[in-house]
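User: I'd like to go through this model with you, one question at a time. Could we start with the charged contacts and then move on to strands and surface patches?

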Amino acid sequence: MRRSIGRLSAAGIAILIGTAFLTATLLAGNIINRVTTDSIAAQFADSDLVVSNGPGIDPADLEDIRGTEGVEAADPQVLRAFELVSGGKRTYQVVVPAASDPRFEAQELVEGAMPTRSGEIALPSDVAERLGLGLGDPVTVVRSVWTPGAEDAAAGTGTTADEGAPSEEAVAPEETAPADATAVGDGASAPAEEAAPGDEAAPGDESPAGTFVDTNEKLTLVGTLDDPMGAYAQVGGAGVLSNDDLTTWEADSYVPGEATTAYNAVLVALAPGADLEAVRSSITSSLGGDAKVWTSAEYAKEQAAQMTGGEDVFTYVILTFAAIALLVAALVIANTFQVLVAQRTRTLALLRCVGADRKQLSRSVLLEAVILGLVASVAGILFGIGLVQLALTVAGTMDLGIPLPPVVQVTAVAVLVPLLVGTVVTLVASFSPARAATRVAPLAALRPSDAPTLTSGAGRVRLAISSILVVGGAGLLVLGVLLGQQGSAQAGLLAATAGGAASFVGILVGAIFWLPKVVSLVGKVLTGSGSTAKLAAANTLRNPRRTAATSTALLIGVTLVAMMSTGAVSARMSMNNELDGRYPVDVSLATDGYDEFGGNQPVALPQSTIGTAEKVDGVESVVPLTATSVTVDLDGSDITFLARGVEPEAAGTLVRDKEAVQGLAPGTVVVPAGVAKDWGISSGDQLVLAAAPLPDAADPQGTPATLEALVTPMGGRALLVTPQTLEGVATGTPVTSAWVGLADVNDAASVVPALQDALAESDLPIDVTGAAVERAMYQKVVDTILGVIVGLLAVAVVIALIGVANTLSLSVIERRRESATLRAIGLSRSQLRWMLAIEGMLIAGVGAVLGILLGILYGWAGASAALAVMGDVTLAVPWRDVALVMVVALVAGLLASVIPGRSAARTSPVEALAVD
């Protein structure tokens with residue numbers, strides 16, 4: 001090993017990176033699990049016990065817990081959300097009741113005090129700052145109060161009017177057909193199968209008459225809060241109300257006959273000297289049934305397990321990529337040992353001649369592998385621990401909103417598993433070279449071994465296995481795509497994954513037959529007639545096994561990177577097309593008092609809204625829309641719809657899907673495809689639109705209009721007409737919404753929040769919705785996942801590039817006599833270096849090109865199988881990523897030849913010819 005330390009170093013670096021990756025993965029998984037558990041446990045603060053019950057814990061059970069001997073305090077876990085208003089600023093805020101015992105308080109005071117009486121509130125510091133509040137300032141809480149005996153203001157429309165605000169319970173989901181309309185007028189009711197659930201009370205329904213009325217409560221800010229352990233990080237922090245206020249408000253929100261509150265969990269604090277196990281047993285016996293009593297740590301672990309289905313999903317996913325990295329490292333190691341054994345055949349033969357048997361030679365090779373694996377694995381473990389600690393240190397300086405441990409906690413598993421895996425992988429990778437060292441007789445060992453050929457038995461078996469895997473895998477891949485297109489996404493993805501894996505393994509198994517020939521052919525085509533280039537191309541065929549193994553290592557990493565990039569970009573484009581069809585408009589601004597079911601009093605959009613929106617960077621155009629409720633006679637019943645009025649030319653310029661408003665003109669009405677399907681409306685049908693009665697306009701002014709229906713892929717549930725047509729049907733229709741077109745839809749992630757911030761001080765809450773909102777969310781998710789995956793797979797590519805450098809270095813050592821001969825007959829030093837550079841770029845470039853082609857094919861197949869269920873799949877190529885991978889591979893191949901080239905060129909021909 002001392003003589004071969006330079007040759008073994010590259011293999012050691014490969015296994016070092018693989019084990020470092022594995023170590024970092026295990027430690028990161030531990031940190032994520034710890035952070036998850038700690039953030040959940042933070043909600044329980046310093047409570048001693050947590051009581052939970054499947055059906056919930058009612059107030060009577062709560063009193064039983066408080067009365068248990070040894071219990072000093074017990075508080076239920078309660079989270080409620082209310083709208084807060086301060087001046088022109090509004091926000092929704094989660095609140096919790098003030099704790100009865102300091103041990104239950106999960107947050108810390110920054111300024112002021114906790115609420116101690118009715119009319120007081122404490123808020124997270126950032127929320128108070130957003131609302132412009134200081135200690136002692138008033139803040140308004142908007143809450144809903146059930147008012148019995150009130151008449152249903154929206155009788156016959158299926159919705160409840162409350163000062164123009166829709167009742168959440170009254171709005172049926174879009175999937176319920178048809179959820180956009182209800183029967184009204186003339187005492188006629190829609191057929192039972194046509195009415196949306198909850199639209200009308202069933203005959204004999206005993207639900208009490210009444211409605212929810214918004215009530216404003218004036219509170220005083222008495223404290224600001226910090227959440228150092230992230231107890232409420234998932235909901236953006238929690239405010240604190242007095243327990244009396246929250247209890248009273250809860251009671252006011254109950255509809256008579258509904259069940260009262262049942263708590264998911266109750267926090268328990270023990271009296272001094274109380275025995276925890278005795279109290280636990282007493283509470284369990286008292287409650288009976290499914291009640292369970294945990295310590296706060298036990299309950300946090302249980303909740304974390306429920307969040308992940310009892311499995312450490314994150315760690316499993318990352319370990320998959322660690323396995324890929326180790327697989328590539330194994331190929332590099334196996335290739336290194338094969339070359340080393342081939343280089344030392346004369347030495348091994350001489351050892352055989354002086355009495356060494358086959359077992360001794362095999363053990364010597366395997367012992368080298370074990371020592372290399374141990375040393376490299378230990379170095380990799382230390383490197384991995386250092387990387388995780390560096391990541392924690394950097395993350396600690398950033399405001400991530402979650403508590404992170406300052407120091408990495410090294411576990412036995414995180415050390416022993418990488419040590420064992422790294423050593424075993426190195427040992428297994430050396431088995432084939434070890435067998436090769438002992439399989440030939442001493443005299444036959446004096447010449448290098450040949451690669452498998454089609455005429456040998458081993459070659460025919462390898463070819464047969466490769467062919468079966470490729471053909472069978474391709475068939476499964478096609479089957480997966482077909483299943484996905486037929487709507488069986490899960491089965492299709494499973495078949496496509498199995499087929500892709502099988503065919504890829506088949507390609508790798510048979511690579512030794514075709515890959516070196518491809519490299520050589522490409523070299524001949526690209527390098528012309530130059531002697532240096534011809535020598536480089538010929539060298540790739542000198543040892544087909546080495547060339548195949550090196551290029552295959554790079555092929556694996558590049559294929560996986562290209563596959564994930566292609567799948568991700570195809571998923572993004574398919575998602576964008578689907579969102580464009582569902583929401584042709586980038587962003588929609590609307591007052592929350594009007595819905596797409598046509599049942600509420602219209603609330604006019606503040607006049608300043610359009611001007612404010614137009615000034616936001618990234619907004620290209622804003623188009624106002626008028627709206628009112630109309631009735632349409634369908635199957636003998638007057639059905640209520642929302643109708644919007646928009647200028648056809650402006651709408652055609654703004655919408656992403658031009659077909660959505662195609663044909664809109666005076667005398668026509670655009671009917672969304674979903675609405676048309678629900679009600680059996682076809683293009684060309686004549687629809688009579690009449691103004692529908694509204695709570696504040698029992699006798700609407702206007703003239704019914706007969707319009708030609710145009711069924712288009714317009715999203716939503718509202719009918720679309722021209723403003724002039726809508727004004728004729730219902731006089732005085734207000735502007736209730738606006739469509740916003742973005743200059744670049746890819747900037748939605750930054751423009752939409754800016755738009756929301758600009759409208760935050762509006763006189764009325766403005767709903768900001770549309771395709772760009774969903775696109776911003778999904779693009780962030782897709783980009784994040786893609787970045788993580790490509791980053792992880794990049795480790796495998798780095799290891800493969802090390803293999804390319806290793807191969808070139810070893811080939812230079814192996815061919816020192818040959819290089820000296822070439823120098824002696826006239827090859828210059830620069831020509832020798834250029835020959836090695838071309839050879840490195842050929843191996844890396846061909847491996848990268850083939851990997852990109854395979855990756856695109858597999859990415860398309862996976863996208864077709866997984867995404868076909870959502871509609872037409874758009875197959876795309878991530879040209880930027882493809883170009884980047886190609887450039888990196890070529891540059892890496894060139895750089896990998898620098899050191900070997902300098903070494904070969906620096907050695908004099910006489911010195912090289914003297915090498916034994």
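Analyst: Sure. One definition to begin with: a salt bridge here is a side-chain nitrogen of Lys or Arg within 4 Å of a carboxyl oxygen of Asp or Glu. Also keep in mind that this is a predicted model.

User: With that cut-off, how many salt bridges does a search of the whole structure find?

Analyst: The search covers the whole structure, and a pair counts if the nitrogen and oxygen are within 4 Å. On that basis the number of salt bridges is 14.

User: How far apart are the closest N and O atoms of arginine 103 and glutamate 72?

Analyst: Arginine 103 sits in the loop between S4 and S5, while glutamate 72 belongs to strand S2 (residues 71-76), so this pair ties together parts that are 31 residues apart in sequence. The two form a salt bridge, and their closest N and O atoms lie at 2.8 Å.

User: Which residue does aspartate 48 form a salt bridge with?

Analyst: Here the closest N and O atoms are 3.8 Å apart, and the cut-off is within 4 Å, so the contact counts as a salt bridge. The pair links distant parts of the chain, 55 residues apart: aspartate 48 is in the loop between helix H1 (5-42) and strand S1 (49-57), and its partner is in the loop between strand S4 (89-97) and strand S5 (108-112). That partner is arginine 103.

User: Is aspartate 48 buried, partly exposed or exposed?

Analyst: Buried means under 20% relative accessible area and exposed means over 50%, with partly exposed in between. Aspartate 48 comes out at 24%, and arginine 103 also has 24%. Glutamate 72 has 47% and is partly exposed. By those limits aspartate 48 is partly exposed.

User: How far apart, N to O, are the side chains of arginine 717 and aspartate 678?

Analyst: This pair links distant parts of the chain, 39 residues apart: arginine 717 is in the loop between strand S20 (705-712) and strand S21 (719-721), and aspartate 678 is in helix H19 (residues 673-679). Their side chains meet in a salt bridge, with an N to O distance of 2.5 Å.

User: What is the relative accessible area of arginine 717?

Analyst: Its partner aspartate 678 is partly exposed at 27%. Arginine 717, on the other hand, is buried, a label that needs a value under 20%. For arginine 717 the value is 5%.

User: Which residues are joined into one network by salt bridges that share partners?

Analyst: Arginine 103 has a salt bridge with aspartate 48 and another with glutamate 72. Salt bridges with shared partners make one network of Asp48, Glu72, Asp101 and Arg103.

User: On to the strands. Which residue in S13 stands opposite valine 50?

Analyst: S1 is mostly covered, with seven of its nine residues buried. Antiparallel to S1 runs strand S14 (residues 292-295), joined by four bridges, and there valine 50 has tryptophan 294 as its bridge partner. Strand S13 (residues 263-270) is also antiparallel to S1, with five bridges. In S13, the residue opposite valine 50 is leucine 267.

User: Which residue in S7 is the bridge partner of valine 85?

Analyst: Strand S3 (residues 80-86) has five of its seven residues buried. S3 pairs with S4 in the antiparallel sense over seven bridges, and in that pairing glutamate 83 is opposite tyrosine 92. Strand S7 (residues 138-148) also runs antiparallel to S3, through three bridges. Within S7, the partner of valine 85 is threonine 140.

User: Now the surface. Which helices each supply at least two residues of the positive patch?

Analyst: The patch is formed by Arg829, Arg833, Arg902 and Arg906. One of them, arginine 829, is partly exposed at 43% relative accessibility. The helices in question are H24 (829-867) and H26 (898-906).

User: Which element gives the largest share of the nonpolar patch?

Analyst: Val887, Val891, Leu895, Val898 and Ile899 make this patch, which covers about 460 Å². Two elements give two or more residues to it, helix H25 (879-896) and H26. Valine 891, partly exposed at 40%, lies in H25. The largest share, three residues, comes from H25.

Definitions and conventions
Residues numbered from 1 in each chain as written. Predicted model: local features only at pLDDT ≥ 70, side-chain atom pairs only at ≥ 80, totals over all residues. Heavy atoms only, no water. Buried < 20%, exposed > 50% of the residue type's maximum accessible area, 1.4 Å probe, protein only. Pairing = 2+ DSSP bridges. Patch = residues over 30% accessible without salt bridge, like charges linked within 9 Å, V, L, I, M, F, W, Y side chains within 5 Å. Areas by Shrake-Rupley, 256 points an atom, 1.4 Å probe, with all protein chains shown as cover. Lys, Arg positive; Asp, Glu negative; His and termini not counted. Charge placed at Lys NZ, Arg CZ, Asp CG, Glu CD.
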